[in-house]
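Please consider the sequence and the three-dimensional structure shown below. The paragraphs after them offer a guided reading for someone new to this structure.

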Amino acid sequence: MIPMVDLQHQYHQLKADIDQAVLGVLEGTQFILGPNVTSFEQEVARHLGAPHAVSCASGTDALQLALLASGIGPGDEVITTAFTFIATAEAICQVGATPVFVDIDPRTFNMAPELIEQAITSATRAVIPVHLFGQPADMAAISAVCNRHRLIVIEDCAQSFGATTQGRMTGTIGAFGCFSFFPSKNLGCCGDGGLVTCATAEAAEALRALRNHGSKKRYHHDQIGLNSRLDELQAAILRVKLAHVERFNQERRRVAKRYAAGLKDLVQLPFEDGKGLHVYHQYTLLSEHRDTIMTALNNNQIASAIYYPIPLHRQEVFRKQYSGQSLPVAESVAARCLSLPIYPELTDQQVDRVVAVVREAVTC
C-alpha cells in the first residue's frame, strides 16, 4: 500500500529526539504555555523571517485570531477564494463577517488577483489569499490591490510552510500569516496546532491575549477571547521537526519533479510560477480521466484524494447564500482535480509505480 502520507515512517526517523522531547515535558509537568511554546515561537519566527510569531491551538483558530486582532466582525466583508478547505471561510463566519468568494487562476488554483477589485465594496475590510497546495499566491499583485484600497491582508499558509515568493517566506508579506500544524502538514505535530505571524509587537500582544481568554494578566479579562493555546507537548515535537523541515520540503520537491517527468504528456501538472518555491503539500493534477485514474490507483493499493470536490460557494452550508454565484474555473478544477501521494519519505521506486499505474489508466 502506498498511502497519501506516511507519518509512521517520519516518526521512526526522528523517534529518539521526539521521545526525549516528550519525556522532558512530562517530567517538567508544565503543560500549558511552557518553555517549549516560548522557544518554538522564537525559533519559528527566526526560520520564517517574521518579526513575531504567536502559537495557538489550530490553523482554523489562527485565522480567527488574526481576524479578531484586525478588528473584523459583523457587517464586514472579507474576500477570499472558494477553492480551499472550509476553515478559511469558516473563520470569517465565526467572527460574524461575510465571506466574499472570487474565482481562481486556472494554473496555480490560487485566488485570481485581477478579480479582487471588482469584489470590493464599502464593507470590505480584508483579503485572505490561500497558498494552496504549497504554491504561493501572487502576493505582489494581491498586495498592490489591497494597498490601493487600504485592505488588511491575512495569508492562509496552512499548506505552505517554507514556501517562498519573491525572496520572502509565505506568512511574512501580509499583516498576518496563519499556519496549521495538523499532522499531515509539511511541518506537522502529533495533534492539532497553529500559529500566527505578524509584523508588530502590538499585534502580537493582541494575539496572545485573544488566544488566552482575552487576558493579559491572570484573571483580568479586557475582551472576549478564545481558549486556543498550543499544547506544550506539541510545541516540543514541533521544535524537533522544525530542524528538518527544509529537508522535508526538498524531498517533496524531489517527488514532484519525478512525477512531472513521468506524467507531463498525460495530465495538467501542478504549476510553479517561477517567482518562488512551491513546497508541494499536495501534488494535485487535472485530468478528464480522474475517476478512471482513481479506480486504477485503488485497484493497485495506491491512495489518492480529491482536494477539493466541492467549491465553498457550492457547499450546503453556503448554498442558499451564494446560489446565484458562478465561479467557473473553481467549479471546473473541482470536477477534474486529483491528488497523488506525496511525502518526504516516498521513494523513487514508489513514485515510478504510481506513474506507471496512472499512465496505464490514461492510455488504455
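What follows moves from one helix to its surroundings, then to a strand, and finally to a pair of packed helices.

The model is predicted. A convenient starting point is helix H4, which covers residues 87-94. Its buried residues are Ala87, Thr88, Ala89, Ala91 and Ile92. These buried residues pack against several other elements, namely H3, E2, strand E3 (98-102), strand E4 (124-128), strand E5 (152-156) and helix H11 (316-319). Just after H4, glycine 96 adopts a positive phi of about 90 degrees.

Within H4, alanine 91 deserves a separate look. Alanine 91 counts as buried because its relative accessibility is 0%, and the cut-off for that class is under 20%. Which residues does alanine 91 touch, once its neighbours within four places in sequence are left aside? Its contacts are then Thr60, Leu63, Gln64 and Leu67. Helix H3 spans residues 59-69, and H3 is one of the elements against which the buried residues of H4 pack. By contrast, leucine 33 lies 58 residues from alanine 91 along the chain, and the C-alpha atoms of the two are separated by 24 Å.

The next stop is strand E2, formed by residues 77-81, where threonine 80 is located. Threonine 80 has a relative accessibility of 0% and therefore counts as buried. A polar atom of the threonine 80 side chain lies 2.8 Å from the backbone oxygen of isoleucine 128. Isoleucine 128 also appears among the contacts of threonine 80 beyond four places in sequence, together with Thr88, Ile92, Val100, Phe101, Val102, Met111 and Val130. Two of these partners, Thr88 and Ile92, are buried residues of H4, and E2 is in turn one of the elements that the buried residues of H4 pack against.

The last part of the reading returns to helix H3 and its packing with helix H7, which comprises residues 201-211. How are the two helices oriented, and how far apart are their axes? They pack at an angle of about 120 degrees, with their axes 10 Å apart. H3 and H7 are therefore oblique to each other, and H3 passes H7 in a right-handed crossing. On the side of H3, the contact is made by Leu65, Ala66, Leu68 and Ala69, and on the side of H7 by Leu207, Leu210 and Arg211. By character, the residues of this contact divide into 6 nonpolar, no polar and 1 charged.

Definitions and conventions. Residues numbered from 1 in each chain as written. Predicted model: local features only at pLDDT ≥ 70, side-chain atom pairs only at ≥ 80, totals over all residues. Heavy atoms only, no water. Helix = DSSP H or I, 4+ residues; strand = E, 2+ residues; numbered from the N terminus. Buried < 20%, exposed > 50% of the residue type's maximum accessible area, 1.4 Å probe, protein only. Contact = heavy atoms within 4.5 Å. Axes fitted to C-alpha atoms, helices over the stretch in contact; angles between N-to-C directions. Parallel < 35°, antiparallel > 145°, perpendicular 65-115°, else oblique. Left-handed = near helix turned anticlockwise from the far one by under 90°. Nonpolar A, V, L, I, M, F, W, Y, C, P; charged D, E, K, R; others polar. Polar contact = N/O pair within 3.5 Å; in protein donor to acceptor, adjacent residues only side chain to side chain.
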